[in-house]
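Subject: A structure for you, with some notes

Hello,

I am handing over the structure below, and I hope you enjoy looking through it. My notes on what was found follow right after it.

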Amino acid sequence: VEAALEIDPNHLEAKLALARLAILSNDLQEAKKLVSDLARAYPDSPNVKLLQSGIALQEDNPVQAVQLLEQAHAQLRTRESSLVLARAQWQMGEKERGLSTLEEWLAANPRDTAVRFEAHKYYAALDRFDAARANLSEIIEYEPDNWVARNDLAWLLLRQGDAAAALRHAE
């Protein structure tokens, strides 16, 4: 990263990577400096907003983090932005909003098994077991060899009292 910045000091992706590294290594002072510089240079960048949200989370400011994530997600509309926003909403106690973020992504991308798997966990945590089971069944329909989904479906079926169906998925 630093070599790329020596060649081109204004290389956006390299600057973003350097800021991500500072955040991941919990060097909050350096991260804040780097992200502040990026925010001045690229005030509308969704990737900068994602970094700002990471700092807000480290500073125990989940409300600001979710606001920044919502702004970034509005621009990006990616699997990753959907997942990060939904997890932040869930952690703030806005469980239905988190689930809604995932459902919105799945409405446009029904075969996205990674998001569907996340959604099944949210449904199960909210005791909406039929919806959790439906999501797991769809994952298995798209990926018949997905043993993690099969195992979770087996446990869910067993919990709901359908031992025979659970056994079929566990074998």
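**A bridge between two helices**

Arg-87 is partly exposed, with a relative accessible area of 37%. Please keep in mind as you read that this is a predicted model.

Which residue does Arg-87 form a salt bridge with? The partner is Glu-118, and the closest N and O atoms of the two are 3.0 Å apart. Arg-87 belongs to helix H6 and Glu-118 to helix H8, so this pair ties together parts that are 31 residues apart in sequence. Glu-118 itself counts as buried, at 8% relative accessibility.

**The aromatic pair**

H6 and H8 come up again here. The structure holds 1 aromatic pair, and its members are Trp-90 and Tyr-122. The pair is tilted, with 40° between the planes and 4.3 Å from centre to centre. Because Trp-90 lies in helix H6 and Tyr-122 in helix H8 (residues 113–125), the pair ties together parts that are 32 residues apart in sequence. Are these two residues buried or exposed? Both Trp-90 and Tyr-122 are buried.

Trp-90 has a charged visitor as well: the charged end of Lys-95 sits over its ring, 4.5 Å from the ring centre.

**Helix H5 and what covers it**

Next, have a look at helix H5, which runs over residues 62–76. This helix has 15 residues and reaches 20 Å from its first C-alpha to its last, close to the 21 Å expected at 1.5 Å a residue.

Which residues of H5 are buried? They are Ala-65, Val-66, Leu-68, Leu-69, Ala-72 and His-73. These residues cover an arc of only 165° around the axis, which puts them on the same side of H5. A general point helps in reading such a pattern: an α-helix has 3.6 residues a turn, so residues three or four places apart point the same way.

The buried residues of H5 are covered by parts that include helix H4 (46–58), helix H6 (79–91) and helix H7 (95–108).

Val-66 makes a good example to zoom in on. This residue of helix H5 is buried, with a relative accessible area of 4%. Leaving aside neighbours within four places in sequence, Val-66 is in contact with Leu-85, Ala-88, Gln-89, Met-92 and Arg-97. One of these, Gln-89, is 23 residues away along the chain, and its C-alpha atom is separated from that of Val-66 by 6.6 Å.

**Thr-101 in helix H7**

A second residue to zoom in on is Thr-101, found in helix H7. Thr-101 is buried, with a relative accessible area of 9%. Its contacts, leaving aside neighbours within four places in sequence, are His-73, Ser-82, Leu-85, Ala-86 and Gln-89. Among them, His-73 is one of the buried residues of H5. The C-alpha atoms of Thr-101 and Ser-81 are separated by 9.7 Å, and these residues are 20 apart along the chain.

**More salt bridges**

How many salt bridges are there? The count comes to 12. Besides the one already described, here are some others to look up.

Glu-59 and Lys-32 meet through their side chains in a salt bridge of 2.7 Å, N to O. Since Glu-59 lies in the loop between H4 and H5 and Lys-32 in helix H3 (residues 28–41), this pair ties together parts that are 27 residues apart in sequence. Glu-59 is partly exposed, with a relative accessible area of 35%, and Lys-32 is partly exposed too, at 40%.

Arg-97, one of the contacts of Val-66, also meets Glu-94 in a salt bridge of 2.3 Å, N to O. Here Arg-97 is partly exposed at 35% relative accessible area, and Glu-94 is partly exposed at 25%. There is also a network: Lys-33, Asp-37 and Arg-40 are joined into one by salt bridges that share partners.

**Two positive phi angles**

Finally, two loop residues. Arg-77 comes just after H5, in the loop between H5 and H6. Its phi is near 50°, a positive value in a residue other than glycine. Arg-77 is partly exposed, with a relative accessible area of 44%.

Asp-127 lies in the loop between H8 and helix H9 (129–142). Its phi is near 60°, again a positive value in a residue other than glycine. Is Asp-127 buried or exposed? At 53% relative accessibility, Asp-127 counts as exposed.

Happy browsing, and best wishes!

Key:
Residues are numbered from 1 along each chain as its sequence is written. This is a predicted model: local features need pLDDT of at least 70, side-chain atom pairs count only at pLDDT 80 or more; totals for chains, interfaces and linings use all residues. Side-chain values use heavy atoms; hydrogens and water are left out. The expected span of a helix is 1.5 Å times one less than its number of residues. Buried means under 20% relative accessible area, exposed over 50%, partly exposed in between (1.4 Å probe, protein chains only). The arc is that of the directions from the helix axis to the C-beta atoms. Contact means heavy atoms within 4.5 Å. Rings of Phe, Tyr and Trp (its six-membered ring) pair if their centres lie within 6.5 Å; planes under 30 degrees apart count as stacked, over 60 as edge-to-face and the rest as tilted. A charge sits over a ring if NZ of Lys or CZ of Arg is within 6 Å of the ring centre and within 35 degrees of the ring normal. A salt bridge is a side-chain nitrogen of Lys or Arg within 4 Å of a carboxyl oxygen of Asp or Glu.
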